[in-house]
Protein chains: 2
Amino acid sequence: MTALTERHQQVLRAVVDDHVVSSQPVGSATLSRRYLDLSPATVRNVMGDLERMGLLHQPHTSAGRVPTDRGFRLYVDDLLKVRNLSQRERDRIRAEFESGLDAGDDVMRRAGHLLSAVSNLVGLVLAPPLDEVLVKRIELVRLGRRRAMIILITDQPVVHNRVVRTDADYTKADLEKMARYLNETVSGCTLGEMYARIEAQMKSDRVQYDRLRARALRLGLEAFGARDEGALYVEEATRLLEQPEFLDIGRMKALFRTLEEKSQILALLRATIESEGVNVLIGSESEVDGMQGCTLITSRYTAGRGAAGSVGVIGPTRMDYRRIIPLVGYVANLLSRHRY
Amino acid sequence: MTALTERHQQVLRAVVDDHVVSSQPVGSATLSRRYLDLSPATVRNVMGDLERMGLLHQPHTSAGRVPTDRGFRLYVDDLLKVRNLSQRERDRIRAEFESGLDAGDDVMRRAGHLLSAVSNLVGLVLAPPLDEVLVKRIELVRLGRRRAMIILITDQPVVHNRVVRTDADYTKADLEKMARYLNETVSGCTLGEMYARIEAQMKSDRVQYDRLRARALRLGLEAFGARDEGALYVEEATRLLEQPEFLDIGRMKALFRTLEEKSQILALLRATIESEGVNVLIGSESEVDGMQGCTLITSRYTAGRGAAGSVGVIGPTRMDYRRIIPLVGYVANLLSRHRY
DNA sequence: CATTGGCACTCGCGCCCAGGGAGTGCCAGT
DNA sequence: ACTGGCACTCCCTGGGCGCGAGTGCCAATG
């Protein structure tokens, strides 16, 4: 492929910019009139080149051009100067974030809502994989005759808790003792290690002859052992209904289905967790079928002592990258800096 | 309006039955062939009557007939023999319900999912209004330097808990003392009364000179004082995409919007909380604009010492009432009988 | 030689129109 | 009281047509 001249770049940029707001194929006349100081004929020649390079696509002979996924990719990588969020916007977003937290919302969910509200797209938040989360402490609280709450305090902002049925009516003192046992074996290790440690302990002599101790360990396993996949929050999926590209009901169904099923999106987010900065995954690049015509923008964040998660948005390929990219970055930042 | 003859009833019933499965207007020929031992001509006459009575509607001259909301109403009230769920179905549903609970799911959410899964419609669960919930006990757990979890144990299956920031670094003993204070004033009363009791206590001498006591009360207020509206769970709204009536994108949007906004649906559910048995609210009867063409089927359930909530489904008016009505009733039953 | 205006061409879209089909209402016959 | 027959109405579909948008190419131009 030949290199792009300055002019090619100008035209491609203009096509994307216009298409992002109009959601329609753009013609040479529009470009000439609104974006470029060139005659329509010249623009047509350039557009012809771009099409041959696979960066633009013509839905049919007498239509304007639409950027291809590769076109968007080039635009995002080379042509786009992301403007930073203005201080005002940042303040507004941050205020929104914190006010929600004070009201007692879950941090993850809050971040998802925020992304969604500001971008008008679907907000995504992937919690750090639980395996890597550092266990600080476990508490057991008696709720009733055979019910207790087990609380897992980690180095993350979220506190996990779960109501469990107990095998007997333990007193408050019993539960405290059990919690102490659990903490002895478990505190300071990651959740991933916890399983192994508990298993090892279970075999030791001390446990064999101490029913309470054994029961405590079992409880810990049952409550948090099987929490395999990091939780994925999908917020405000119905916003997609607003986007004109989803007037096509088939596409919408497909996307909803993949969003609901979660596992595929989860894999995509997890894959981006390692890389720095903001990631952009355009349409077909993801090889997920529900994602045709959609772009996923993500950014990693860190929480606690090194565990990392990912936030992002999903929306039509035709989205305002200039705004959304810094937005996702900023929210990831908020989340990373967030101290509880 | 003249009374309906036996024949009128037969025809109306047949129209509804066919329309429920076909989702299309029903013609006289179909009815004569598949449901009735009458010639098409006779059927036409009867259908004409029914139309004049406002029970059927003809979308246009050369189309078949569709039941009106009033037609459905009459069908549901007088013509429908709800068959009970078979023992097998009941067992299956119950097993599904309980297996989910063992896995630690929220009871409310679980019930919603269940309704949705079995009916292929949108599941709704309204928790009992918190005001009427009996407070059994409050626990405070130290999570970190300035963080604590406040746990509200009621006579309901769900346990409410919330992470709060504290104004100082309270020790475990402090928090236990505070919890004791709170329980002294609060336990045994409903959440509705709690507010007043705390306010009263705050003015008493004992509190004026005891900072910890004051702080405890304040905490209780902040955490659970403002939980106004009972929580409404809307599960699996995207199932609506499957229904052929929602190929019309405008209607779908409207319904999604009201589902998302919740307050209107919430009001409808709350209204049915008082009445026994299964309630059916058909289309325009609700006066909620997003509800045209939709039916809401609900049933009340009770939990704890007398507080009542509501479960239900929402779907197109054209739904299989024969199956759905007993289903909603049964799930309400499950929830009422559920003991934790 | 890059740029431009001109021009013929293509193709989707909206419109009209006719034909077929589904379903009805009415009427006369049993 | 039913029913068969019949004329009628109206939607739906498909084909034909004109319009407009947009293109590609070419010859002219600075």
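**Figure 1. Pairing of strand 3 and strand 7 in chain A of the predicted model.** Four bridges join strand 3 (residues 122-126) of chain A to strand 7 of chain A, and the pairing is antiparallel. Within this pair, A:Leu124 has A:Val234 of strand 7 as its bridge partner.

**Figure 2. The five-stranded open sheet of chain A.** The strands of this sheet follow the order 7-3-10-9-8, with antiparallel pairing. Strand 7 (232-235) and strand 8 (278-282) form the edges, each of them pairing on one side only. On average, neighbouring strands of the sheet are turned by 20 degrees against each other when direction is ignored.

**Figure 3. Domains of chain A and the contact between domain 1 and domain 2.** According to the domain assignment, chain A comprises domain 1 (6-79), domain 2 (87-129 + 231-337) and domain 3 (131-224). A distance of 28 Å separates the C-alpha centres of domain 1 and domain 2 of chain A. To the contact between them, domain 1 of chain A supplies ten residues, and domain 2 of chain A supplies 14 residues.

**Figure 4. Protein surface near DNA strand C.** DNA strand C is surrounded by 19 residues, of which the closest are A:Arg7, A:Thr42, A:Thr61, B:Ser28 and B:Arg65. By class, this surface holds twelve polar, four charged and three nonpolar residues. Sugar or phosphate accounts for 70% of the atoms of DNA strand C that lie within 4 Å of the protein, and bases account for the rest.

**Figure 5. Polar contacts to DNA strand C and the helices beside them.** At the phosphates of DNA strand C, an N or O atom in the side chain of B:Arg65 lies 2.6 Å from a phosphate oxygen. A backbone N or O atom of A:Ser39 is likewise placed 3.2 Å from a phosphate oxygen of this strand. A base oxygen of DNA strand C lies 3.0 Å from a polar side-chain atom of B:Arg44. Two or more residues of the surface near DNA strand C come from each of helix 3 (40-52) of chain A and helix 3 (40-52) of chain B. Helix 3 of chain A makes the greatest contribution, with four residues.

**Figure 6. Protein surface near DNA strand D.** Around DNA strand D there are 19 residues, and the closest are A:Ser28, A:Arg65, B:Thr42, B:Thr61 and B:Ser62. The surface consists, by class, of three nonpolar, four charged and twelve polar residues. Among the atoms of DNA strand D within 4 Å of the protein, 73% belong to sugar or phosphate, and the rest belong to bases.

**Figure 7. Polar contacts to DNA strand D and the helices that contribute to its surroundings.** An N or O atom in the side chain of B:Thr42 lies 2.7 Å from a phosphate oxygen of DNA strand D. A polar backbone atom of A:Ala63 is 3.4 Å from a sugar or linking oxygen of the strand. The side chain of B:Arg44 has an N or O atom 3.2 Å from a base oxygen of DNA strand D. Helix 3 of chain A and helix 3 of chain B each provide at least two residues of the surface near this strand. The most residues, four, come from helix 3 of chain B.

Key. Residues are numbered from 1 along each chain as its sequence is written. Chains are lettered from A and ligands numbered from 1 in the order in which they are written. This is a predicted model: local features need pLDDT of at least 70, side-chain atom pairs count only at pLDDT 80 or more; totals for chains, interfaces and linings use all residues. Side-chain values use heavy atoms; hydrogens and water are left out. A residue is near a molecule or strand if one of its heavy atoms lies within 4 Å of it. A polar contact is a pair of N or O atoms within 3.5 Å; within protein, one must be able to donate a hydrogen and the other to accept it, and residues adjacent in sequence count only if both atoms are side-chain atoms. Ala, Val, Leu, Ile, Met, Phe, Trp, Tyr, Cys and Pro count as nonpolar, Asp, Glu, Lys and Arg as charged, and the others, Gly among them, as polar. Two strands pair if DSSP finds at least two bridges between them. Axes are lines fitted to C-alpha atoms, for helices over the stretch in contact, and angles run from 0 to 180 degrees between N-to-C directions. Domain bounds come from an automatic or database domain assignment. Contact means heavy atoms within 4.5 Å.
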